Amino acid sequence: MSVTHNTTPRDQQGSGPIFDEEEERYARAQRIEAIARWVVPIVVLALSIWLWDRVVVWNEIPHYVLPGPGLVLSTLYEDRVTLFASLLVTLQITFMALAVAIIGGVGLAVLFTQSKFAEMSFSPFAVILQVTPIVSIAPLIFIYVENRLVGLLLCAWIVAFFPILANTTLGLKSADHNLRDLMNIYKASRWQRLRFLQLPSALPYFLGGLRIAGGLALIGAVVAEYVAGTGGIGSGLAFRILEAGYRLNIPRMFAALLLIALTGIVIFATTSLISHFALRKWHESAIKRE
Amino acid sequence: MTVHDRAVLPLGARRPVLRINEVDKTFNGGVVALRRLSLTVNEGDFISLLGPSGCGKSTALRLIAGLMRPTVGRIVWEGGQGSDDLGVVFQEPTLMPWNTVAKNVWLPFRLRGQSFASVKDRIMEALALVGLEKFADSYPRELSGGMKMRVSIARALVTNPRLILMDEPFAALDEITRQKLNDDLLSLKARTGATVIFVTHSVFESVFLSDRILVMAARPGRIIKEIEVDAGYPRGIDWRTSPEYAAVARATSETLTSTLAPDEVH
Ligand SMILES: Nc1ncnc2c1ncn2[C@@H]1O[C@H](COP(=O)(O)OP(=O)(O)O)[C@@H](O)[C@H]1O
Ligand SMILES: [Mg+2]
């Protein structure tokens, strides 16, 4: 059976140019949007900073109330030795906490999926730690934990590890049910099932958790230091802000704040990038559609 | 090589692969999914389970696959069941999106601890059988629905299993792709001599493909009639358009309609 239709190619129907024009318009709109995606936020940000500067200058606001952006930058430069030393301390706590959160979160998630009993026993603790605000636990931690660094780490870890645990647990459980049947049919061992099916299925969930945890680790590190409050050598950025506040050194507060914000942005960008490169070959979230 | 070495034996000389003996399956809620299912699968058979949804076709396959146990009765593999006796194709392609096509087909070997390099030839051979050798390094998302299904079929037959179970594998595909895959499945069967149990709710698909059609009815799920299709293989467009095909399709269709309760006929 063969049915043939006489179809005329589109460009012979006299409507060709219109299509081209429409396509061109569409392509142009796409190009403009691609540029705007970068230009608009930068312009708005620049305008806001300029406005901040103008507000300070026009209203002659004294720098111990609100410093202008220029003063913040020059303070950042002048105090660079102290501030960057503190930045390193904060970074160290953040990344160590994040590393331990990853190991603990993933490890516990794997344990939960391997043993219902472990999940029933430990998940209440995980939830209690998660729902109790860290500022209210931190003072206790600093009473019981002698080492200040360990105390800070513990606080940052408590905040960071839950999203990794929760997301990874969800991911490990969300493997395709037909693939799970296939694993049964081929008599896969527990370890093979974990290695070949559950862990890869959990990867996008884990990376989502990591993006949240990265930011939370920083927040945990900063909050813990506020609570710890003791200063001296080896203090992080949070202590610099407290210290500057006592001395009414507002520009320095802003400079330290700027560093914390930048750190947060860098952490978010890095974890997003890791996520993108880990998933770009196969996961929907990382695939660009035409 | 191994994929080809199972010759199609002449009818009557076929050895049994599997016997299902008076099997009942009742689910916890009391749903009788299958009642007194008996079936002997012989080497080289192409059996279709045909019936409305809910008549226990998938349940039958899951029992055979060992994914659940019969409530009553036994399923016996002739000569015992080995680790590579079974290949399964689901309604969805069921591929691992993070693995390439070749790595997906590798899975049954991988789970037996065989390295990719040691079975690469067999993987490529299976991919060639389904016409996808050029896509070995593609990821599933880069393939069309029909191509994904082919990968799934390649994975099911790569170990040269004694029995391949297919649960409505082409139901989600468009008609054109489905016909093409039906043709390809038959030529694949002719070349490998595979034994297949094929679940479908399409009369035409079952008549086109199989040499035995088991018509099933629901509540309780049971086989109500076995229809032999006396047409040899290979089959192609000639079979699809022959009067015999139409006659079998008509008879099958009538059997199927007769199984439905009056309130189910629309
Ligand atoms: N896991 C299960 N638990 C309870 N009932 C089930 C389960 N699986 C299937 N059933 C019931 O068994 C019957 C047969 O289902 P199924 O084998 O999936 O039918 P089919 O594949 O022919 O559409 C249906 O009534 C269905 O609701
Ligand atoms: Mg079904």
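In this predicted model, a good place to start is K187(A), which follows α7(A) and has a positive phi, near 55°. From there we can walk back along α7(A), cross to chain B, and finish at R235(B), a buried arginine that has no salt bridge. Chain A and chain B bury about 2,100 Å² between them, and α7(A) gives the most to the side of chain A that touches chain B.

**Helix α7 of chain A**

- At the start of α7(A), a side-chain oxygen of D176(A) comes to within 3.0 Å of the backbone nitrogen of N178(A).
- Buried residues of this helix are N178(A), L179(A), D181(A), L182(A), M183(A) and I185(A).
- Within chain A, those buried residues pack against α8. On the chain B side, their partners are α1 (57-64), β5 (86-89), α2 (101-110) and α4 (145-157).

**The contact between chains A and B**

- Chain A brings 21 residues to the contact, and chain B brings 23.
- Carbon and sulfur atoms account for 67% of the roughly two-sided burial of about 2,100 Å².
- On the chain A side, I185(A), Y186(A) and W282(A) lose the most area to chain B, together making up 33% of what that side buries.
- One salt bridge is found across this interface. D181(A) forms a salt bridge with R62(B), with the closest N and O atoms 2.7 Å apart.
- Four residue pairs are in polar contact across the interface, both residues being at pLDDT 80 or more.
- Both α7 (177-185) and α8 (190-228) of chain A supply at least two residues each to the side that touches chain B; α7(A) contributes seven.
- By type, the residues on this side of chain A comprise eleven nonpolar, four polar and six charged.

**R235 of chain B**

- R235(B) sits in the loop between β9 (222-228) and α7 (237-240) of chain B.
- Although R235(B) is buried, it has no salt bridge, because the nearest side chain of opposite charge, D211(B), is 6.2 Å away and a salt bridge calls for atoms within 4 Å.
- Backbone oxygens do lie within reach of the R235(B) side chain: that of F208(B) is 2.9 Å from one of its polar atoms, and that of S210(B) is reached at 3.0 Å.
- Leaving aside residues up to four places away in sequence, R235(B) touches L186(B), V207(B), F208(B), L209(B), S210(B), D211(B) and V229(B).

Terms used
Residues numbered from 1 in each chain as written. Chains lettered and ligands numbered in written order. Predicted model: local features only at pLDDT ≥ 70, side-chain atom pairs only at ≥ 80, totals over all residues. Heavy atoms only, no water. Helix = DSSP H or I, 4+ residues; strand = E, 2+ residues; numbered from the N terminus. Buried < 20%, exposed > 50% of the residue type's maximum accessible area, 1.4 Å probe, protein only. Lys, Arg positive; Asp, Glu negative; His and termini not counted. Polar contact = N/O pair within 3.5 Å; in protein donor to acceptor, adjacent residues only side chain to side chain. Contact = heavy atoms within 4.5 Å. Buried area = accessible area lost by both parts, 1.4 Å probe. Nonpolar A, V, L, I, M, F, W, Y, C, P; charged D, E, K, R; others polar.
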